[in-house]
Amino acid sequence: MTNVAESREFRIEETGERVNGLELELHLFFGVWAVIERHEDRWVVATDDRERRTLVAVSD
């Protein structure tokens, strides 16, 4: 399984949408998302409208 911290592409489990590393960094930097759980294989983020999203690393 791919490590989330080392990945450059992610999939949002709830929607199937793909997010690249730059998009993730921007969402976190501007406060649109906040990481609330960190696991080796996934991160759970809270959105600015208080929804939860599970980010899973996509294998290259």
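**Figure 1. Five strands make one open sheet in this predicted model.** Reading across the sheet, the strands come in the order β2-β1-β5-β4-β3, and their pairing is antiparallel. β2 (18-20) and β3 stand at the edges with a single partner strand each, so one side of each has no neighbour in the sheet. From one strand to the next, the twist averages 35 degrees.

**Figure 2. A helix packs on the sheet.** Helix α1 covers residues 21-29. Where does α1 touch the sheet? Its contacts reach β1 (9-12), β2, β3, β4 and β5. The direction of α1 makes about 85 degrees with that of β2.

**Figure 3. A nonpolar patch lies on the surface.** Four residues make this patch: L22, L26, F29 and F30. Together they give a nonpolar surface of about 500 Å². To get your bearings, start from L22, which lies in helix α1. L22 counts as exposed because its relative accessible area is 59%, and the cut-off for exposed is over 50%.

**Figure 4. Strands β3 and β4 form a hairpin.** Strand β3 takes in residues 33-38, and strand β4 takes in residues 42-47. How many bridges hold this antiparallel pair? There are five bridges between β3 and β4, and three residues sit between the two strands of the hairpin. One pair to look for is R38 with its bridge partner W43 in β4.

**Figure 5. Strand β5 pairs with β4 and with β1.** On one side, five bridges join β5 to β4, and these two strands run antiparallel. Here V44 stands opposite T54 of β5, and R42 has V56 of β5 as its bridge partner. The pairing of β5 with β1 is also antiparallel, with three bridges. In that pairing, I12 stands opposite L55 of β5. Is β5 mostly buried or exposed? Five of its six residues are buried, so β5 is largely enclosed by the rest of the structure.

**Figure 6. T54 is a buried residue of strand β5.** Strand β5 runs over residues 52-57, and T54 is found within it. T54 counts as buried because its relative accessibility is 11%, and buried means under 20%. Which residues does T54 touch, leaving aside those up to four places away in sequence? They are R11, I12, E13, E14, R42, W43 and V44. One of these, V44, is also the residue that stands opposite T54. As a general guide for following a strand, side chains in a regular strand alternate between the two faces of the sheet.

**Figure 7. R50 takes a positive phi in the loop between β4 and β5.** The hairpin of β4 and β5 has four residues between its strands. R50 is found in this loop, and its phi is near 70 degrees, a positive value in a residue other than glycine. Is R50 buried or exposed? It counts as exposed, with 78% relative accessibility.

**Figure 8. E37 and R52 link distant parts of the chain.** Side chains of opposite charge can pair when their charged atoms come close. A search of the whole structure finds four salt bridges, and this view shows the one between E37 and R52. Their closest N and O atoms are 3.5 Å apart. E37 belongs to strand β3 and R52 to strand β5, with the two residues 15 apart in the chain. E37 is partly exposed, at a relative accessible area of 31%.

**Figure 9. R18 and E9 meet in a salt bridge.** The distance from N to O is 3.4 Å. How covered are the two partners? R18 is partly exposed, with a relative accessible area of 47%. E9 also counts as partly exposed, at 30% relative accessibility.

**Figure 10. R42 forms a salt bridge with D41.** The closest N and O atoms of this pair are 3.4 Å apart. R42 counts as partly exposed, with 30% relative accessibility. D41 is partly exposed as well, its relative accessible area being 26%. You have already met R42 in two other views: it is the bridge partner of V56 in β5, and it is among the residues that T54 touches.

Methods: Residues are numbered from 1 along each chain as its sequence is written. This is a predicted model: local features need pLDDT of at least 70, side-chain atom pairs count only at pLDDT 80 or more; totals for chains, interfaces and linings use all residues. Side-chain values use heavy atoms; hydrogens and water are left out. Buried means under 20% relative accessible area, exposed over 50%, partly exposed in between (1.4 Å probe, protein chains only). Contact means heavy atoms within 4.5 Å. Patches are made of residues with over 30% relative accessible area and no salt bridge: like charges are joined within 9 Å, nonpolar side chains (Val, Leu, Ile, Met, Phe, Trp, Tyr) within 5 Å. Accessible areas come from the Shrake-Rupley method with a 1.4 Å probe; for residues, only the protein chains shown count as cover. A salt bridge is a side-chain nitrogen of Lys or Arg within 4 Å of a carboxyl oxygen of Asp or Glu. Two strands pair if DSSP finds at least two bridges between them. Axes are lines fitted to C-alpha atoms, for helices over the stretch in contact, and angles run from 0 to 180 degrees between N-to-C directions.
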